[in-house]
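Q: I have a two-chain model open and would like to learn how to read its features one at a time. Where do we start?

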Amino acid sequence: MIELLFWILAGCCCGIITGTLPGLHVNTLAFLLMLVFADMPIGIAAFIIAMAVTHSFYDFIPSIVLGVPDEDNYLAILPGHRYFIKGLAYKAIMLTALGGLFGTIILLIFMPLFVGFLLYAKEYLPFLIPWILIFVLILVVLASKQRAKTAFVMGMSALLGIAVLTNMSMKNGVMAIVLGFFSMSILLLSILNRVDFKKQKLRMGKVVTKNVLKGSLLAVLGSAIVSVLPSMGPNHAAFILRKIFGKIKTEAYMVMIGGINTCNLLFSLFVLQMLGKTRTGVAIALRSFVENNQNTFILFAGIGLVSASFSVISIIFFAKVIINNLINVSYRRLNAVTFIGICSFILLFGGFLELIVSLVACALGIYASTSKVARSSCMAFLIIPTIMIYLGL
Amino acid sequence: MLLRECLLRRIALLCAAVGIILLFVYSSIDSPKRTKISEVKISSIGDKVEIDAIVSSSKVSGNVLIFELDDGDKITSVFFNPRIEQKIILRKGNFVRVSGRIAEYRGNLEIVAEKVLLID
């Protein structure tokens with residue numbers, strides 16, 4: 001028992017590092033551990049889960065503070081960045097942490113119900129989803145004040161997405177597009193517009209409980225969709241939920257985005273146990289452990305709660321330390337360094353073609369932003385190819 | 001109702017306590033069951049057991065130590081990535097206590113050992 005807690009604590013500490021440093025992904029470490037420990041002892045399994053849960057809390061820090069997302073949370077960067085500019089970065093980070101914690105609690109309480117529903121609905125959902133996505137895209141265009149420009153941005157994003165996804169020689173094309181749309185464009189605009197941030201408030205301030213509960217419930221719902229449907233990621237789910245449920249307050253939206261990642265991870269473990277399907281890298285790494293052990297539901301619930309609690313309590317301290325150190329830095333210079341860093345990262349881990357793709361996405365993102373088109377319309381780069389896959393096109 | 005940081009810390013601590021209780025429950029139900037080789041059946045697959053027996057044969061193949069336990073009945077066992085001390089404990093003729101899980105490999109039941117202890 002003490003040994004198990006030690007492994008969980010070690011995993012949490014590792015998750016803080018992987019989450020805070022952009023570019024370091026927990027799946028990579030999970031696969032490495034899977035290769036080294038083929039029999040997957042319980043300690044290593046606990047380490048991986050704790051690391052992944054903590055990572056899901058901390059990876060919003062680079063998104064919100066530096067404007068550098070990963071592939072699971074780039075929709076958080078838009079409202080998160082707004083909070084940052086207003087001097088409320090700490091509040092934004094805490095909202096995502098609230099989503100992670102309350103999402104975990106709600107997920108564990110309603111887990112049997114969700115799994116029962118999924119067993120019933122899993123055959124029908126793949127038929128419904130493409131039509132829901134088409135409906136949502138049409139709704140986005142019709143609801144926009146710049147319909148022609150929105151449709152143009154969606155069309156161009158979709159073409160870019162299709163070009164990248166059908167080009168087998170591109171190793172990290174999707175990552176390049178994501179960074180282009182949701183990071184480089186924001187950074188470049190901040191540099192050109194000489195955006196500076198207000199002095200950061202290091203208090204959470206008032207958070208309405210109703211928004212937290214709403215966001216957490218939506219997070220659990222979103223993660224349930226993601227856990228069953230192939231080709232659906234957390235950002236797809238957030239996009240659909242936002243459009244279907246109409247106006248969601250920014251507070252509730254940040255909570256939802258924060259909760260989806262954590263809940264998706266935990267949900268994938270329970271789906272692995274119940275249905276034998278893997279939907280995340282961590283679930284793949286733990287497949288042999290689940291096959292050889294019983295009562296893992298109780299173990300996963302325990303690790304999830306302990307890790308989520310540790311993450312919330314530690315993030316209250318670490319977020320303040322990171323933001324405090326940012327105050328001494330010239331934001332414009334920081335943005336410039338981050339922009340160059342991202343370009344170098346893409347060139348190093350992708351290639352020249354990936355850099356071109358990200359610059360094209362960046363240009364499109366800037367056009368969307370300056371034309372008052374919602375940047376989330378750029379999500380069409382993944383939504384439309386997903387529709388095509390579901391419809392067999 | 002408003003959520004404040006102090007309340008959030010309390011909720012987090014409460015969740016941590018619940019989590020630790022769940023882990024304790026898991027540790028209790030997942031404790032190895034003292035058993036004899038004759039009681040190991042197909043329905044035991046996945047169970048955690050603890051067996052006292054003599055090592056009747058032992059060989060190392062790559063990073064796996066394959067050994068046979070004998071307490072009147074015999075069962076094959078495996079130990080992945082054994083360290084030097086575990087190889088010494090699992091030498092032929094030693095009386096050992098093996099904790100591990102029952103698994104099936106190529107139609108035969110075996111124990112995937114997690115802990116080994118030299119009794120005599």
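Q: What is the area buried between chain A and chain B, and how much of it do carbon and sulfur atoms give?
A: The general idea goes like this: the size of an interface is often given as the accessible area lost when the parts come together. Keep in mind that this is a predicted model. Here, about 2800 Å² is buried between chain A and chain B, and carbon and sulfur atoms give 72% of that.

Q: How many residues of each chain are in contact across that interface?
A: Chain A puts in 39 residues, and they are in contact with 28 residues of chain B.

Q: And how many salt bridges and polar contacts turn up across the interface?
A: For a salt bridge, the cut-off to keep in your head is 4 Å between a side-chain nitrogen of Lys or Arg and a carboxyl oxygen of Asp or Glu. By that rule there is one across the interface of chain A and chain B. Lys320(A) pairs with Glu5(B), with the closest N and O atoms 3.4 Å apart. As for polar contacts, four residue pairs across the interface qualify, both residues being at pLDDT 80 or more.

Q: Which elements of chain A give two or more residues to the side that touches chain B?
A: Helices H1 (2-20), H6 (89-121), H10 (209-228), H14 (287-292) and H15 (296-326) of chain A, plus strand E1 (207-208) of chain A. H15(A) gives the largest share, 13 residues. Sorted by class, the side of chain A that touches chain B has 26 nonpolar, nine polar and four charged residues.

Q: Let's leave the interface. How many salt bridges does the structure hold over all chains?
A: Nine over all chains. Let's walk through a few in chain B. Asp52(B) forms a salt bridge with Arg34(B), and their closest N and O atoms are 2.8 Å apart.

Q: Which parts does that pair tie together?
A: Asp52(B) sits in strand E3 (residues 48-61) of chain B and Arg34(B) in strand E2 (residues 33-34) of chain B, so the pair links parts 18 residues apart in sequence.

Q: What else does Asp52(B) form a salt bridge with?
A: Arg97(B), again with the closest N and O atoms 2.8 Å apart. Arg97(B) lies in strand E6 (residues 95-105) of chain B while Asp52(B) is in strand E3 of chain B, so this pair ties together parts that are 45 residues apart in sequence. Put the pieces together and you have a network of salt bridges that links Arg34(B), Glu50(B), Asp52(B) and Arg97(B).

Q: Are those side chains buried or exposed?
A: The reading hangs on two cut-offs: under 20% relative accessible area is buried, over 50% is exposed, and in between is partly exposed. Asp52(B) comes out at 23%, so partly exposed. Arg34(B), at 47%, is partly exposed too, and Arg97(B) counts as partly exposed at 24%.

Q: Where is another salt bridge in chain B that I could try this on?
A: Take Arg83(B) and Glu85(B), whose closest N and O atoms are 3.0 Å apart. With a relative accessible area of 49%, Arg83(B) is partly exposed, and Glu85(B) is partly exposed at 41%.

Q: Now the fold of chain A. How many helices and strands are there?
A: Chain A has 18 helices and one strand. Of its 393 residues, 58% count as buried. Look at contacts in chain A between residues at least 6 apart in sequence, and 82% of them join residues at least 24 apart.

Q: Why does the end-to-end length of H3(A) make sense?
A: Helix H3 (residues 42-58) of chain A has 17 residues, which at 1.5 Å a residue should span 24 Å; its end C-alpha atoms are 24 Å apart, so the two agree. H3(A) is also mostly covered, with 16 of its 17 residues buried.

Q: Which residues does Ser157(A) contact, beyond its neighbours within four places in sequence?
A: Ser157(A) is in helix H8 (residues 147-165) of chain A. It is buried, with a relative accessible area of 0%. Leaving those neighbours aside, Ser157(A) is in contact with Phe181(A), Leu364(A), Ser377(A), Cys378(A), Ala380(A) and Phe381(A).

Q: What about Gly80(A), buried or exposed?
A: Buried, with a relative accessible area of 0%. Gly80(A) is in helix H5 (residues 77-85) of chain A. Beyond its neighbours within four places in sequence, Gly80(A) is in contact with Ile64(A), Ala92(A) and Met254(A).

Methods. Residues are numbered from 1 along each chain as its sequence is written. Chains are lettered from A and ligands numbered from 1 in the order in which they are written. This is a predicted model: local features need pLDDT of at least 70, side-chain atom pairs count only at pLDDT 80 or more; totals for chains, interfaces and linings use all residues. Side-chain values use heavy atoms; hydrogens and water are left out. Helices (H or I, at least four residues) and strands (E, at least two) are DSSP runs, numbered from the N terminus. The expected span of a helix is 1.5 Å times one less than its number of residues. Buried means under 20% relative accessible area, exposed over 50%, partly exposed in between (1.4 Å probe, protein chains only). Contact means heavy atoms within 4.5 Å. Buried area is the accessible area (1.4 Å probe) that two parts lose on being put together, summed over both. A polar contact is a pair of N or O atoms within 3.5 Å; within protein, one must be able to donate a hydrogen and the other to accept it, and residues adjacent in sequence count only if both atoms are side-chain atoms. Ala, Val, Leu, Ile, Met, Phe, Trp, Tyr, Cys and Pro count as nonpolar, Asp, Glu, Lys and Arg as charged, and the others, Gly among them, as polar.
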